[in-house]
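Please open the model in your viewer and keep the sequence beside it. The tour below proposes one selection after another and tells you what to look for at each stop.

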Amino acid sequence: MNAGMSPDMEDDFVQVSATDGAMQVETTSVEETRAFGEFLACFLCVGDFIALDGELGAGKTSLVQGLAAGLKVPAPVTSPTFTLLHLYEGGRLPLYHFDAYRLASPEELEGLGYEEYFYGDGVCVIEWGRLAEAYLPARRIRITLEQSSSADSRRITLAPYGGEEGWRRELLRCLSSYRDAAGIRRRRGKV
Ligand SMILES: Nc1ncnc2c1ncn2[C@@H]1O[C@H](COP(=O)(O)OP(=O)(O)OP(=O)(O)O)[C@@H](O)[C@H]1O
Ligand SMILES: [Mg+2]
């Protein structure tokens with residue numbers, strides 16, 4: 001059991017902790033990681049910023065694919081390997097997708113006019129956020145993905161950071177229902 005997690009909030013497949021300002025979800029497939037991204041997208045608003053961290057192949061882009069699906073973005077999301085920024089429009093909100101791993105230095109963000117996207121009229125997500133820490137908005141959703149018990153398992157830790165306490169608490173409260181949604185899908189044999 002994770003620190004700060006009460007026993008009644010823990011189950012076999014999804015672990016949620018709202019007591020320590022963070023929640024954890026354990027996914028067992030790429031589809032499930034996308035499903036979590038899709039769920040999270042439902043609660044995102046204009047100006048929300050997500051910083052994703054985790055090693056190569058941890059599932060960051062997969063989670064962004066889920067976000068895009070949840071925002072009903074029509075274009076498929078690929079890793080922004082050659083372009084430093086992908087813009088996805090036509091969904092409920094524009095989605096701006098950066099990958100800091102591709103930056104020669106964090107200062108390169110300035111040449112991209114990052115403020116227009118980080119503080120813009122859509123949702124902004126950056127992979128390898130820690131590599132551009134100094135540029136990240138004070139109010140952000142931090143998500144870390146780590147491989148866990150098996151090759152296809154990932155522990156996803158989400159923590160709203162900065163901003164108002166009310167925002168942080170409300171977001172975690174909304175997301176805690178993922179536990180129930182995941183459980184229903186599992187029982188039905190679907191992700
Ligand atoms: N539970 C899981 N969640 C996400 N991806 C998984 C999971 N299990 C296996 N995978 C595999 O791990 C890989 C994740 O790739 P992805 O491009 O999303 O990683 P990434 O964190 O964006 O890597 P990079 O740092 O190179 O950008 C995919 O090949 C996916 O199929
Ligand atoms: Mg990626």
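The stops run from the whole chain to the sheet, the helices, the core and the ligand.

Before selecting anything, note that residues are numbered from 1 along each chain as its sequence is written, while chains are lettered from A and ligands numbered from 1 in the order in which they are written. This is a predicted model, in which local features need pLDDT of at least 70 and side-chain atom pairs count only at pLDDT 80 or more, whereas totals for chains, interfaces and linings use all residues.

**The whole chain.** Colour by secondary structure to find six helices and seven strands, which are DSSP runs numbered from the N terminus (helices: H or I, at least four residues; strands: E, at least two). Along the sequence they follow the pattern β-α-β-α-β-β-α-α-β-β-β-α-α.

**The sheet.** Select the seven strands, which form an open sheet of mixed pairing in the order S1-S7-S6-S2-S5-S4-S3; two strands pair if DSSP finds at least two bridges between them. Strand S1 (23-27) and strand S3 (85-88) stand at the edges with a single partner strand each, so one side of each has no neighbour in the sheet. Next, select residues 49-53 (strand S2) and residues 140-147 (strand S6), which run parallel and are joined by four bridges. Within this pair, Asp53 stands opposite Thr144 of S6.

**Two helices on the sheet.** Show residues 30-41, helix H1, which lies across S1 and strand S7 (154-161) and runs at about 145° to S1. Then add residues 165-175, helix H5, which packs on the sheet, touching S1 and S7, with its direction at about 150° to that of S7. These angles run from 0 to 180 degrees between N-to-C directions, with axes fitted as lines to C-alpha atoms, for helices over the stretch in contact.

**A contact set.** Which residues is Leu71 in contact with, leaving aside neighbours within four places in sequence? Select Ala41, Gly91, Arg92, Leu93, Leu95 and Val123 to see them; contact means that C-beta atoms, placed from the backbone, lie within 7 Å.

**Around ligand 1.** Finally, centre on ligand 1, where Thr33, Gly59, Lys60, Thr61 and Ser62 come nearest of the 20 residues around it, a residue being near if its C-beta atom, placed from the backbone, lies within 6 Å. The elements giving two or more residues to this shell are H1 and helix H2 (60-70).
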